[in-house]
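Colleague: I would like a close look at one part of this model, namely the charged side chains that pair with each other. Please take your time over it.

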Amino acid sequence: MKDKNFPQLGQKLIIVRTKMTGEKVEYVSQLVDIESNGELAVAVPIKNAQLVTLLNGTKITVIYNNSESGMLEFEAEVVRKINGKVPLMYIRKISEITKGQRRNYFRLDLLVPIQIIKSNEDVIHSGFTKDISGGGLRMVTDVDLMEGQIIHVSFELEDRTYNLKSQVRTKFSSIDNKNEVGIEFLDIIEIDRNDLIKYLFLQQRMLIKRGM
């Protein structure tokens, strides 16, 4: 009997590769088939509308969302590739499935208005996002924020409003009195996080179809 935590056919996957420099690169893929020998056939990842070539033997982390268990992941190895109408990459699972511990979720470049309130203040500041993930976002704003500072952010995606307690994790260089910071969501519930991730995957899929 197949593990209930195993990804389902057609399920969207996040594939993470760690470069020699230690930098982690994320790609979007999809589970296409499961071979009798246990190998998983996944769609060759796409990055910036280009097919990504991963060499045989490359170690990757596969991350996906399970409706019952939340974010899960396992380690895998690239075994082979097949070119065709739908280019496929075959991978072999080399670890147990575990609860996702990562903080760096798949990020999508997305420009939307955002409102910021500093902790213990009532003043609403404005800004805009540069990218969003299930774990946080990067934004530009006029207000000066410090690393470690607790804030509340509010933004809308389609007809859904997210009001989230967050913490400033990274402060980037300021240009023209604009402050660019990376924040982590602190109190987002799993349902909201899953909905946010699904939205980002859908937007990424639409961009790929448009060839962007």
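Which residue's side chain does Arg-92 meet in a salt bridge?

Modeller: In this predicted model, the side chain of Arg-92 meets that of Glu-77 in a salt bridge, with 2.8 Å from N to O. The two residues are 15 apart and belong to distant parts of the chain, since Glu-77 sits in strand E7 (residues 70–82) and Arg-92 in strand E8 (residues 88–93). Glu-77 counts as buried because its relative accessibility is 17%, under the 20% cut-off, whereas Arg-92, with a relative accessible area of 39%, is partly exposed. Salt bridges with shared partners also bring in Lys-59, so that Lys-59, Glu-77 and Arg-92 form one network.

The search of the whole structure finds ten salt bridges, and two others can be set beside this pair. One of them joins the side chains of Asp-144 and Lys-171 at 2.7 Å, N to O; Asp-144 lies in the loop between strand E13 (136–141) and strand E14 (150–157), and Lys-171 in strand E15 (residues 160–171), so this salt bridge ties together parts that are 27 residues apart in sequence. Both partners count as partly exposed, Asp-144 at 41% relative accessibility and Lys-171 at 28%.

Another salt bridge is formed by the side chains of Arg-160 and Asp-192, at 2.2 Å from N to O, and it links strand E15, which holds Arg-160, to helix H1 (residues 190–210), which holds Asp-192, across 32 residues. Here Arg-160 is partly exposed at 27% relative accessibility, while Asp-192 counts as buried at 18%.

How values were computed: Residues are numbered from 1 along each chain as its sequence is written. This is a predicted model: local features need pLDDT of at least 70, side-chain atom pairs count only at pLDDT 80 or more; totals for chains, interfaces and linings use all residues. Side-chain values use heavy atoms; hydrogens and water are left out. A salt bridge is a side-chain nitrogen of Lys or Arg within 4 Å of a carboxyl oxygen of Asp or Glu. Helices (H or I, at least four residues) and strands (E, at least two) are DSSP runs, numbered from the N terminus. Buried means under 20% relative accessible area, exposed over 50%, partly exposed in between (1.4 Å probe, protein chains only).
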